[in-house]
Amino acid sequence: MSTTDEWMRAALVEARLALASGDVPVAALVLDASGIPIGVGHNERELTGDPTAHAEIVAIRAAAKATGSWHLENTTLVVTLEPCTMCAGAILQARIPRVVFGAWDEKAGAVGSVHDVLRDRRLPHRVEVIAGIREAECATLLRDFFADRRVE
């Protein structure tokens, strides 16, 4: 099993924690240069009533607090779903150099699906992107969540 698979497996465990509060099961980990999590988060919009409480934002805030700096160079963000435009902006602002994600978001993705903010040549900071890690498992978790909501 590759390192990215192991990271995504940990993110999927975290994503399931969002289910307890009725949040969409998406999770993110910010890893230091040695692959140790320094920020972990899952969606908390329903829990907190905060529209910005996406998994990536929660994890980035935790990593910035843990390191004492908003500059998160030499880190990797692992997230179960392709980041949206808001989260892509936060990734750029935090100077995160690498993003690993699982499922594509064909409706709101900003890392190749709808937009490609992280690799836009007009911006001063570009990010290495590794997509589709444990994609089927990440997509199934989301598909099942929304299927359950449509039945109710």
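Which residues of the largest nonpolar core touch the most other members? In this predicted model, the core holds 46 residues, and the ones that touch the most other members are Met 8, Ile 60, Val 78, Ile 91, Val 99 and Leu 118. Several elements of the chain contribute to this core, for helix H1 (3–17), strand E1 (27–31), H3, E3, H4, E4 and helix H5 (135–151) each supply at least two of its residues.

A useful place to begin looking is helix H4, which spans residues 85–93 and in which Cys 87, Ala 88, Ala 90, Ile 91 and Leu 92 are buried. An α-helix has 3.6 residues a turn, so residues three or four places apart point the same way. The buried residues of H4 pack against helix H3 (55–67), strand E3 (76–81) and strand E4 (98–103). Ile 91 can be followed further: if its neighbours within four places in sequence are left aside, Ile 91 is in contact with Ile 60, Leu 77, Pro 83, Ile 96, Val 99, Leu 118 and Val 127.

Just after H4, the chain reaches Arg 95, which takes a positive phi of about 65°. Pro 97 is found in the loop between H4 and E4, and because its relative accessibility is 30%, Pro 97 counts as partly exposed. Although Pro 97 and Val 127 are 30 residues apart in sequence, their C-alpha atoms are 4.9 Å apart in space. When residues up to four places away in sequence are not counted, Pro 97 touches Leu 72, Glu 73, Asn 74, Thr 75, His 125, Val 127 and Glu 128.

Another loop, the one between helix H2 (45–48) and H3, contains His 54. Is this residue, His 54, buried or exposed? His 54 counts as buried because its relative accessible area is 16%, and buried means under 20%. Leaving aside neighbours within four places in sequence, His 54 is in contact with Asn 43, Arg 45, Cys 84, Met 86 and Cys 87; of these, Cys 87 has already appeared among the buried residues of H4.

The last stop is a space that the protein leaves open. The largest pocket has a volume of about 590 Å³, and of the 22 residues that line this pocket, Val 24, Leu 81, Asp 105, Leu 142 and Phe 146 are the closest to its centre. Helix H5 gives the most to the lining, with 6 residues. Sorted by class, the lining of the largest pocket is made up of 11 nonpolar, 2 polar and 9 charged residues.

Conventions: Residues numbered from 1 in each chain as written. Predicted model: local features only at pLDDT ≥ 70, side-chain atom pairs only at ≥ 80, totals over all residues. Heavy atoms only, no water. Buried < 20%, exposed > 50% of the residue type's maximum accessible area, 1.4 Å probe, protein only. Helix = DSSP H or I, 4+ residues; strand = E, 2+ residues; numbered from the N terminus. Contact = heavy atoms within 4.5 Å. Core = buried A, V, L, I, M, F, W, Y, C linked by side-chain atoms within 4.5 Å. 1 Å grid on protein atoms, 1.4 Å probe; cavity = no way out; pocket = protein on both sides within 12 Å on 5 of 7 lines; lining within 4 Å. Points joined across faces, edges and corners; volume = space filled by probe spheres on them. Nonpolar A, V, L, I, M, F, W, Y, C, P; charged D, E, K, R; others polar.
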